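Q: Give me a close look at the strand pairing in this protein, please. Then follow it outwards to whatever else packs or gathers elsewhere in the chain.

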Amino acid sequence: MNKKVAFYTLGCKLNYSETSSIGRLFTQAGFNTVEFSDTPDVFVINTCSVTENADKKCKKIVKEALKISPNAYVTIVGCYAQLKPKEIAEIPGVDMVLGAAEKFRIVEYLTDLTKNPKTLVYNQPVSEANEFVPSFSFGDRTRTFLKVQDGCDYSCTFCTIPLARGASRSDTIENAVAQAVEIAESGVKEIVLTGVNLGDFGIRNGNREDKFFDLVKALDEVDGIERIRISSIEPNLLSDEIIEFVSTSKRFVPHFHIPLQSGSDKILGLMRRRYRRDLYASRVAKIKEVMPHCCIGVDVIVGFPGETREDFVDTYNFLNELDVSYLHVFTYSERENTPAAEMTGTVPGSARADRSKMLHILSDKKRRAFYETQLGKADEVLFEGDIKDGFMHGFTRNYVKVKAKYDPVLVNEIKTVHLTTISSDGDVEITESAEVLVH
Ligand code: SF4
């Protein structure tokens with residue numbers, strides 16, 4: 001009988017797409033992928049260094065795994081495995097730890113599945129993680145994360161990603177297009193284009209070979225994919241040509257997620273970000289000029305060292321004025337081996353929590369205001385397979401979350417609807433529409 005493998009993923013979209021790729025390697029090697037609780041022979045836990053308490057979570061998952069299958073072989077991969085292999089190796093029950101350069105060779109490393117009293121650690125310095133390993137996630141029929149870029153050459157002072165994932169490197173345009181074709185053929189309607197620093201797409205073996213804009217143009221020609229969403233792009237890399245192209249594109253939807261991190265130029269400088277707030281505001285203005293209905297999401301960090309009350313108010317006011325649709329708020333927490341962790345001006349935990357709360361409230365206000373501008377309009381919704389209290393959800397092209405009475409026929413279908421009201425839970429209610437939209 002085939003051996004069984006189960007996966008557990010912590011962290012970002014990139015990790016999810018990489019877990020799927022690792023899953024396909026196991027399938028090719030004759031394993032069956034099963035649920036975590038289905039007594040697997042092998043567990044693979046894909047970790048994240050950004051997750052709060054990554055070590056505690058990892059320990060807990062290993063413990064649960066061994067409760068389910070006491071003799072199962074436990075392998076840990078991912079960013080945390082690259083950064084802290086020794087700590088992970090000390091977790092009781094872990095059999096193998098693989099770093100960034102090794103994780104896609106996992107099946108080769110798994111020669112024998114007998115548990116060993118000593119944990120095996122294969123972890124080269126991250127500078128060896130030069131190869132680009134393409135990946136995309138399946139499993140969710142509606143949407144697939146297609147990873148086209150990995151690593152980052154920036155040096156933001158709070159970030160461990162360059163340490164965990166190495167230098168910027170990318171797939172070829174040809175290969176990314178081939179993967180998109182494969183995804184389209186599988187019946188998936190939406191691709192979310194992902195990377196660590198997606199806008200930096202195009203570096204291979206340390207040389208710039210392509211531009212992100214060329215990838216965007218090539219993917220726009222892939223028949224069968226209804227929608228392509230750009231997961232996140234640095235403001236300094238979001239050029240006018242990309243914005244203008246998306247505004248007339250057949251497949252790229254009017255939705256950008258652009259990290260801001262702080263609305264204070266002083267803090268942006270300390271973070272070593274590659275833009276200042278005027279540049280950010282100019283990107284938002286350009287988007288809104290050509291796509292007034294575009295959804296814009298913002299990442300922001302509160303409590304960075306040196307962020308005084310005034311600096312925070314500066315950020316708050318900047319965001320309040322900005323025509324954006326929602327915020328992803330992160331509370332700064334010290335990460336070892338980052339310059340920010342050594343900086344003075346530590347913000348007390350209570351102030352970090354207060355600031356986070358204020359921005360969460362601002363985010364709800366922004367989202368509601370954005371949704372209100374969309375009421376009365378018609379848009380296409382891609383319905384998902386979830387059911388909650390008899391309702392299902394979906395997203396419009398511009399990322400308005402809508403709810404409708406569950407109907408299995410609608411799952412993974414795109415329908416034109418009218419957006420009517422905002423329900424008490426904040427989602428938008430709809431009625432059917434006979435309109436045919438032209439993009
Ligand atoms: S751009 Fe900055 S925050 Fe983003 S991955 Fe690179 S170093 Fe980290």
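A: A definition to start: two strands pair if DSSP finds at least two bridges between them. Strands (E, at least two residues) and helices (H or I, at least four) are DSSP runs, numbered from the N terminus. What you're looking at is a predicted model, where local features need pLDDT of at least 70, side-chain atom pairs count only at pLDDT 80 or more, and totals for chains, interfaces and linings use all residues. Residue numbers start from 1 along each chain as its sequence is written.

Let's go to the open sheet. Three strands make it up, in the order β15-β16-β17, and their pairing is parallel. At the edges sit β15 (255–261) and β17 (326–331), each of which pairs on one side only. From one strand to the next, the twist averages 20 degrees. Angles here run from 0 to 180 degrees between N-to-C directions, using axes fitted to C-alpha atoms (for helices, over the stretch in contact).

Now zoom in on one seam of that sheet. Strand β16 (residues 295–302) runs parallel to β17, and 6 bridges join them. If you want a spot to click on, try D299: its bridge partner in β17 is H328. As background, strands of a sheet pair through backbone hydrogen bonds, either parallel or antiparallel.

The other sheet to look at is a barrel. Here 5 strands close up in the order β18-β19-β20-β22-β21, with mixed pairing. Ignoring direction, neighbouring strands in this barrel are turned by 55 degrees against each other on average. Take β18 (residues 378–383) and β21: these run antiparallel, with 5 bridges joining them. Within that pairing, L382 has I414 of β21 as its bridge partner.

On its other pairing, β21 (residues 414–422) meets β22 (residues 428–432), again in the antiparallel sense, over 4 bridges. Two pairs are handy for finding your way along this ladder: H418 is bridged to T431 in β22, and I422 stands opposite V428 in β22. β21 and β22 form a hairpin with 5 residues between the strands, and G426 in that hairpin takes a positive phi near 95 degrees.

On to the helices, where α8 is a good place to start. Helix α7 (residues 173–185) and helix α8 (residues 212–219) pack at about 35 degrees, their axes 10 Å apart. The crossing is right-handed (the near helix is turned clockwise from the far one by less than a right angle; anticlockwise would be left-handed). On the α7 side the contact uses I173, A176, V177 and A180, and on the α8 side D214, L215, A218 and L219 (contact means C-beta atoms, placed from the backbone, within 7 Å). By class, that contact comes out at 7 nonpolar, no polar and 1 charged. For the classes, Ala, Val, Leu, Ile, Met, Phe, Trp, Tyr, Cys and Pro are nonpolar, Asp, Glu, Lys and Arg are charged, and the others, Gly among them, are polar.

α8 also packs with α9, at an angle of about 10 degrees and with the axes 10 Å apart. The two helices are therefore roughly parallel (that label covers angles under 35 degrees; over 145 is roughly antiparallel, 65 to 115 roughly perpendicular, and the rest oblique). F213, V216 and K217 of α8 meet E241, I242 and F245 of α9. That contact has 4 nonpolar, no polar and 2 charged residues.

Moving along again, α9 (residues 240–248) packs with α11 (residues 277–290) at about 25 degrees, with axes 10 Å apart. That makes α9 roughly parallel to α11, and the crossing is right-handed. From α9, D240, I243, E244 and S247 meet K286, I287 and V290 from α11. Here the contact splits into 3 nonpolar, 1 polar and 3 charged residues.

Last stop, the ligand. Around it are C152, Y154, S155, C156, C159, I161, P162, V196, N197 and E234 (a residue is near if its C-beta atom, placed from the backbone, lies within 6 Å). That shell divides into 7 nonpolar, 2 polar and 1 charged residues.

Methods: Contact = placed C-beta atoms within 7 Å.
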